[in-house]
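Thanks, everyone. Please bring up the structure on your screens, and I'll talk you through it.

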Amino acid sequence: MLSRTADNLYWIARRMERAETAARLLEVGARISLLPSVHGYRSEWDSLLRAGGMADGFAAKYGDPVQRNIESHLFFDHDNPSSVAACITAARENGRIVRTALTAQVWDALNTAFQELRALERRERSELELSEMTEWTMRHAAMVRGAIDATLLRNDGYNFLNIGYYLERGDSTARLMDVKYYVLLPKVDYVGSGLDNYQWATLLRAMSSQRAFHWAYGGEVTAAKIAHFLILNPQCPRSLITCVAGMNNHLGRLAKAYGRMTEAQELSARLLAGLDSVSVEAIFEEGLHEFLSRFIRDAASLGAVIHDSYLSGDMR
Amino acid sequence: MTSCFNEMYLQGAVRPPYARLEGWTRAMPAELRQMKQAEAEALFRRIGITFAVYGEGGDPDRLIPFDMFPRVFSHAEWTRLERGIKQRAQALNAFLVDVYGRGEIVRAGRIPARLVYQNAAYEKSVVGFVPPKGVYSHIVGVDLVRTGPDEFFVLEDNCRTPSGVSYMLENREIMMRMFPDLFRENRILPIDSYSERLRRTLASVAPAKCDREPTVVILTPGHFNSAYYEHSFLADLMGVELVEGQDLFVEGEYVYMRTTEGPRRVDVIYRRLDDAYLDPLCFRPDSMLGVAGLMDVYRSGGVSICSAPGAGVADDKAVYTYVPEMIRFYLGEEPILNNVPTWQCGRDDECRYVLEHLAELVVKEVHGSGGYGMLVGPKSSAAEVEMFRARIKANPGNYIAQPTLALSTTPTFVADGIAPRHVDLRPYCLVGESIDLVPGGLTRVALTDGSLVVNSSQGGGVKDTWVLAE
């Protein structure tokens, strides 16, 4: 497969997943802002932007983090490469470039999302509810994902799509959890308190995992259980370990199909082994923020190695 | 322009090739027609066949209008056309090999040296080079018009990268899906082997150095190009990679493409890119679309390029005048298909005639295409005619003129029923180890009443084109 084709497939996946992350961030932010304020309204939205890695771009364009501006920035702003609109537009363009590597259904799903987005952009902002925008995003992300799973040949292209999805999703889970860090960490007193749990529960809700969590753990919602669920539980579809195992699986399939191992397989195996052997206690001891930052960095290096090993076209 | 040949009716009677279509249209109520038309449009849109018009902006996902009324040729009509088209494709290729070699035709005084060697499309960097199998133009699009039962004229030749073949194939697919009964009642020769024949043609001109099953690719300028759909469509049908310049690189004596498994050698490049953009080291240094060093590999026989760089010298509108001479000179045969009589404004006496009769003539730029920059005298205002007069006087060598032909019409669905509309025909002749032609082509139709311009960029539509079995 052409490296450029693989690259476009990989970015379709990353961008669709990133669009979903932007929507989830918006949802977490809106919910947290409804709580009695811990440090005032401003810092909570700010923490959200920081977790999304968009704080500087936002400040430069809008100044103060007001909810409406944040909605614009995360959803409609084409200057923000991580906004829902920018991601869906770019993913559809990636799809158009590699149209022959996609089934009609996958193309249909991408194209429909794009056409509906254009219609949304023409509507009055005052008519648009935040929940409508986030639900719309997740619905279309799911439709693309579903079309890929149901109709695509299980060849190398399928592996590159999945690698893109898992890499982006792991990154997103880590970032969404990190929002929690920004909101909470300054006041150690809150750990284990009712408010603390309410905020954690909001996080679960944003990951559409609240019910799943209760099925898996039951009883009291504690920080340790939630951290275990989102980081170490292979049953959770968005947990870090699920994402890394997924990448590892699809990288393994590539190595087998091509009869060639690269640094990417090595790195993902090491990342997986690390998650396999760590406990929640050890993570809290290291500090959740430190642990998550490290994971985000490691995932980024893995992304760079995947690029060099398969997508850049420069390997010999 | 009083009477045009109508391909369906002759002196009130239905001509035989169209015999079975009369009943078909009579049996089709207006509602059904509208439903079918909407269905066809939805199919085109879903498949993604759209095209962008240069310099117009607007909707980039515009559809070319599709007319459901087929255009029909009898087997005998086609046999003659086929012989004529193949003859022309052969002579054009012989001409190209000759003018980049010893130039016998120029030495023999059969074509002016100026028209060949001072032609902007004459590519000095390939002088002395003979491409594999002696083929420069692998896909020759011969544009034909008709003025009577037996009168066919060649309007122009396209030796570089004629486009539109995806419409020929899709029009047929859609007609077969919508009107299967028509295909049961009429014995229509199939055209769907085109992509396989194209692949075979391209593989047959692999360089001598290639000692295995050749790797063929299509080189596209990219997804912003108006014909990108066609490029990806053909790549998909042939099962070959669709590459951009950035996917290829030169190392040693070969060209490679960048794949996820490392470099893979490429043997034949079907390029949908102009010569000027092929190789920044040889042509335009600012080209971002080409491959640095490609021409060196090409000239040393490491890769084949289709059409071969330099093929354009055979298809400009001034050289066109001499194609009948080429046929006589290289093949020792009389042309089966005639040229449209053409005046070269570059010649004083002919230019004088053109300027005196401007309002009756069609004037075209020598290097123009797509229906841009042309004057249709009888359909133009006095001011437009005068504007062209000034342009011709300023640069006579840049223009040719032809009589306004009474182009044939075929029945076409229009808002209030069926009406005759002018058509032309572009068959796609494949030249490799052998010369090959699928029975059919792209019929373009001028949808506006009375209009003679069929180009899609000027509001033309397309039709399915049938060749009946014997």
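Chain B has 14 helices and 23 strands. Keep in mind that this is a predicted model.

Overall dimensions next. The C-alpha trace of chain B spans about 65 × 60 × 45 Å along its principal axes. How does the radius of gyration fit a compact globule? For 470 residues, such a globule would come in near 23 Å, and chain B has 22 Å, so the two agree. Of those 470 residues, 45% are buried. Now the contacts in chain B with a separation of 6 or more: 70% of them join residues 24 or more positions apart.

On to the interface. How many residues of chain B are in contact with chain A? The count is 18, and they meet 15 residues of chain A. Which elements of chain B supply at least two residues each to that side? Helix α9, residues 228-238, is one of them. Three strands do it too: β7 at 241-243, β9 at 254-259 and β10 at 262-266. By class, this side of chain B has five nonpolar, seven polar and six charged residues.

Let's stay with α9(B). Is this helix largely enclosed or not? Nine of its 11 residues are buried, so α9(B) is largely enclosed by the rest of the structure. The buried set starts with B:Y228, B:Y229, B:E230, B:H231 and B:S232. It continues with B:F233, B:L234, B:A235 and B:M238. What covers these buried residues? The cover includes helices α6 (165-178) and α8 (194-204) of chain B, along with strands β6 (216-219) and β7. After α9(B) comes B:G239, and its phi is positive, near 70°.

Now β10 of chain B, also on the interface list. B:P263 lies in this strand. Is B:P263 buried or partly exposed? The cut-off for buried is 20 or more other C-beta atoms within 10 Å. B:P263 has 19, so it is partly exposed. For a long-range reference, take B:L425. It is 162 residues from B:P263 in sequence, and the C-alpha to C-alpha separation is 42 Å.

Compare that with B:V250, in strand β8, residues 248-251 of chain B. B:V250 has 20 C-beta neighbours inside 10 Å, so it counts as buried. Which residues does B:V250 touch, leaving out those up to four places away in sequence? They are B:V255, B:V291, B:A292, B:G293, B:L294 and B:V297. B:V250 and B:I305 sit 55 residues apart in sequence and 14 Å apart in space, C-alpha to C-alpha.

Last stop, chain A. Look at helix α1, residues 3-32, and helix α5, residues 84-97. Their axes are 8 Å apart, and the packing angle is about 160°. Angles over 145 degrees count as roughly antiparallel. So α1(A) and α5(A) are roughly antiparallel to each other. The crossing of α1(A) past α5(A) is left-handed.

Who meets whom? From α1(A), the residues are A:N8, A:W11, A:I12, A:R15, A:M16, A:R18, A:A19, A:A22 and A:A23. From α5(A), they are A:V84, A:C87, A:I88, A:A90, A:A91, A:N94, A:G95 and A:I97. By class, this contact has 12 nonpolar, three polar and two charged residues.

To recap the interface: 18 residues of chain B, 15 of chain A. Back in chain B, α9(B) has nine of its 11 residues buried.

Key: Residues numbered from 1 in each chain as written. Chains lettered and ligands numbered in written order. Predicted model: local features only at pLDDT ≥ 70, side-chain atom pairs only at ≥ 80, totals over all residues. Helix = DSSP H or I, 4+ residues; strand = E, 2+ residues; numbered from the N terminus. Rg over C-alpha atoms; globule rule 2.2 N^0.38 Å. Buried ≥ 20, exposed ≤ 12 C-beta atoms within 10 Å, placed from the backbone. Contact = placed C-beta atoms within 7 Å. Nonpolar A, V, L, I, M, F, W, Y, C, P; charged D, E, K, R; others polar. Axes fitted to C-alpha atoms, helices over the stretch in contact; angles between N-to-C directions. Parallel < 35°, antiparallel > 145°, perpendicular 65-115°, else oblique. Left-handed = near helix turned anticlockwise from the far one by under 90°.
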